[in-house]
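Visitor: I should like to learn how to read the features of a structural model. May we work through one together?

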Number of protein chains: 2
Amino acid sequence: MSAEPHHHRPSAPSWSTHADEALSRRGSRASAARNAVLAALDSQACCASAQEIHARITTDGTAIGIASVYRTLELLHGLALITRVDTGDGVARYEPAHPNGEHHHHLVCNACGAVEAFHDGELEAAIHAVADRVDFRVDAHDIALRGACRRCR
Amino acid sequence: MSAEPHHHRPSAPSWSTHADEALSRRGSRASAARNAVLAALDSQACCASAQEIHARITTDGTAIGIASVYRTLELLHGLALITRVDTGDGVARYEPAHPNGEHHHHLVCNACGAVEAFHDGELEAAIHAVADRVDFRVDAHDIALRGACRRCR
DNA sequence: CTCTATCCGATAATGAGTATCATTACCAAC
DNA sequence: GTTGGTAATGATACTCATTATCGGATAGAG
């Protein structure tokens with residue numbers, strides 16, 4: 001296992017480095033397709049669909065098959081390295097899952113489909129309280145608030 | 001606004017009656033297909049997909065087209081008479097939305113796909129607090145807790 | 001009863017996601 | 001450096017939920 005490169009770049013604890021390591025540990029091999037998907041995920045602001053990710057990679061000059069995007073996303077999701085976000089339009093979107101458990105939830109505009117992120121500590125606390133109370137082992141939670149964004153209101 | 005019928009029958013304030021009235025008010029016509037879908041929704045325990053609803057109606061001896069099920073669900077959803085539940089398996093499920101705003105959320109088993117319902121007042125309160133704080137008009141919220149049900153744990 | 005807007009059901013089209021499979025390429029061992 | 005086992009790739013065929021289309025049926029007002 002190679003040592004972690006302790007660079008002088010504070011702005012990039014880089015989720016993709018974390019993901020890369022987890023994949024290596026898992027015995028997965030590096031490849032152009034996988035690197036491109038990791039890089040795309042790392043640089044996206046919020047969630048993105050498989051096709052959006054593929055389009056961006058293609059635009060950036062790397063030609064990879066759409067199947068590889070789906071495969072990589074499935075693999076990453078299985079390892080809990082990315083989170084699937086379902087906005088209700090029949091398209092799965094994904095975003096990096098940070099190892100410290102830090103995460104956010106989404107505001108979905110019913111009119112234009114825009115997605116915004118928010119975080120709220122009390123909401124998280126309420127979720128955890130419920131999780132302790134039910135007869136169910138809760139591993140994750142998805143919350144979406146739906147309505148109208150500022151522009152569509 | 002008509003008075004709420006204060007019957008001696010606590011088990012049947014009947015959502016479908018409420019839905020029927022809302023549809024008539026809207027100028028929609030009654031039909032065998034629509035009635036069958038309303039009845040199916042009214043009698044289901046939790047959420048059901050379009051195909052499940054269609055299968056049940058067919059089994060019960062009424063032959064209607066699958067397109068009518070989708071059409072009716074779309075109409076009802078547009079009037080906020082039903083709620084769409086997305087469990088992440090690419091299939092939309094629906095359940096009656098009760099006029100008093102009473103609703104529940106879902107526990108989804110990642111292993112077997114089972115869906116259970118739960119309700120929690122504090123969670124609702126936390127949601128409303130967030131809704132007031134964000135720059136977004138929040139009309140509805142979806143919450144899904146994912147993990148393993150008792151049998152799959 | 002007639003007329004017309006609405007709804008119906010069968011089916012074709014759409015589109016996201018998955019399975020298949022021959023080929024390619026990583027990488028540990030030699 | 002070469003090699004061999006095997007995972008990964010990409011093109012494409014496929015599945016399947018959902019939507020669009022369209023000719024015919026029907027509710028329900030007048």
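Visitor: How many disulfides are there over all chains?

Guide: Please bear in mind that this is a predicted model. A disulfide calls for two cysteine sulfur atoms within 2.5 Å. By this rule, the count over all chains is zero.

Visitor: Which cysteine sulfur is nearest to that of A:C109, and how far away is it?

Guide: The nearest one belongs to A:C112, at 3.7 Å, and A:C109 is in no disulfide. A:C109 counts as buried because its relative accessibility is 2%, and buried means under 20%.

Visitor: Why does B:C47 form no bond with B:C46?

Guide: The two sulfur atoms are 4.0 Å apart, which is too far for a bond, although B:C46 holds the closest cysteine sulfur to that of B:C47. B:C47 is also buried, with a relative accessible area of 14%.

Visitor: Let us turn to the DNA. Which residues come nearest to DNA strand C?

Guide: There are 20 residues around DNA strand C, and those that come nearest are A:A92, B:R29, B:S31, B:S68 and B:R71. By class, this surface has nine nonpolar, six polar and five charged residues.

Visitor: What share of the strand C atoms within 4 Å of the protein belongs to sugar or phosphate?

Guide: The share is 62%, and the rest belong to bases. On the phosphate side, a polar backbone atom of A:A92 lies 2.8 Å from a phosphate oxygen of DNA strand C. On the base side, a polar side-chain atom of A:R29 is 3.2 Å from a base oxygen of the strand, while a side-chain N or O atom of B:R29 is 3.1 Å from a base nitrogen.

Visitor: Which elements give two or more residues to this surface?

Guide: They are α4 (66-78) of chain A, together with α2 (32-43) and α4 (66-78) of chain B.

Definitions and conventions. Residues are numbered from 1 along each chain as its sequence is written. Chains are lettered from A and ligands numbered from 1 in the order in which they are written. This is a predicted model: local features need pLDDT of at least 70, side-chain atom pairs count only at pLDDT 80 or more; totals for chains, interfaces and linings use all residues. Side-chain values use heavy atoms; hydrogens and water are left out. A residue is near a molecule or strand if one of its heavy atoms lies within 4 Å of it. A polar contact is a pair of N or O atoms within 3.5 Å; within protein, one must be able to donate a hydrogen and the other to accept it, and residues adjacent in sequence count only if both atoms are side-chain atoms. Helices (H or I, at least four residues) and strands (E, at least two) are DSSP runs, numbered from the N terminus. Ala, Val, Leu, Ile, Met, Phe, Trp, Tyr, Cys and Pro count as nonpolar, Asp, Glu, Lys and Arg as charged, and the others, Gly among them, as polar. Buried means under 20% relative accessible area, exposed over 50%, partly exposed in between (1.4 Å probe, protein chains only).
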